[in-house]
Amino acid sequence: YGQSPFAIGRGIAFEALLRRHGHAELRRVLTDGLGVDFSLAAIENLREGYQPNRTGLTLRASVTRTRMAEIASAPAEPIVLDGAVLRADIGGLPAFFEADEMAIGVGGEIIVGENKSWPVVDGRPTDEEALGAALDQAATYILLGRRTLDEAGIDPGRVSGNAVLVTPRNTG
């Protein structure tokens, strides 16, 4: 029940490709897509060094909040937070949301990045429902990112309403 094991495997392989060789492919697609040189961007992998449990998620959310505030203060160079975690209360209980590339700092603006392993062929997604779901997911991260900055006393408008969707291109 649930998602196909083939789709899960494809997603894991695609994200591994983006992170290989110091995130070289991710740096390339961000440079191409955003028109900003990410070749020397600082990459902080928040997926490593934390326990894979609620304690680890809480710590990652704290680091994400701190780094987002720093990024919103206009760093000199682009920064990528890989595996940023955002916190929200749902039904009075804390919930955690892991973004692929939350807080891509470009001139002090924070842009959400979301990786999806389904291809875009000739400029069109091969699955429009999956595109809608990815945009919903990115919108959730934008909302939570804005709340995070607002709680820190920083203009929530520093989180862009635009998102970067990273997909394979012209593959089947």
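Helices here are DSSP runs of H or I spanning at least four residues, numbered from the N terminus. Keep in mind as we go that this is a predicted model. With that in hand, take L143, which sits in helix α3, covering residues 128-151. Its relative accessible area comes out at 43%, so L143 is partly exposed. Now look along the chain to P156, 13 residues away from L143: the C-alpha atoms of the two are separated by 9.1 Å.

On to the charged side chains. Side chains of opposite charge can pair when their charged atoms come close. How many salt bridges does a search of the whole structure find? The count is 12, and three of these pairs are worth a visit.

Start with R19 and D82, a salt bridge whose closest N and O atoms are 2.7 Å apart. R19 belongs to helix α1 (residues 5-34) while D82 belongs to strand β2 (residues 79-82), so this pair ties together parts that lie 63 residues apart in sequence. Is D82 buried or exposed? With a relative accessibility of 0%, D82 counts as buried. R19, on the other hand, is partly exposed, its relative accessible area being 21%. The cut-off for buried is under 20%, so a value of 21% falls in the partly exposed class.

Stay in helix α1 for the next pair, R28 and E25. The closest N and O atoms of this salt bridge are 2.5 Å apart. Why does the spacing along the helix matter to the picture? R28 and E25 are 3 residues apart in helix α1, so about one helical turn separates them. Both ends of this bridge can be placed by accessibility too: R28 is partly exposed at 38%, and E25 is partly exposed at 26%.

The third stop is E114 with K116, a salt bridge in which the closest N and O atoms are 3.4 Å apart. Here E114 has a relative accessibility of 3% and counts as buried. K116 comes in at 18%, which also puts K116 in the buried class, because that class takes values under 20%.

Finally, some salt bridges share partners. Which residues do they join into one network? The members are E15, R19, R47, R60, D82, E98 and D100. You have already met R19 and D82 as a bridged pair, so that link between helix α1 and strand β2 is a handy place to begin when you trace the network on screen.

Technical notes:
Residues numbered from 1 in each chain as written. Predicted model: local features only at pLDDT ≥ 70, side-chain atom pairs only at ≥ 80, totals over all residues. Heavy atoms only, no water. Salt bridge = Lys/Arg side-chain N within 4 Å of Asp/Glu carboxyl O. Helix = DSSP H or I, 4+ residues; strand = E, 2+ residues; numbered from the N terminus. Buried < 20%, exposed > 50% of the residue type's maximum accessible area, 1.4 Å probe, protein only.
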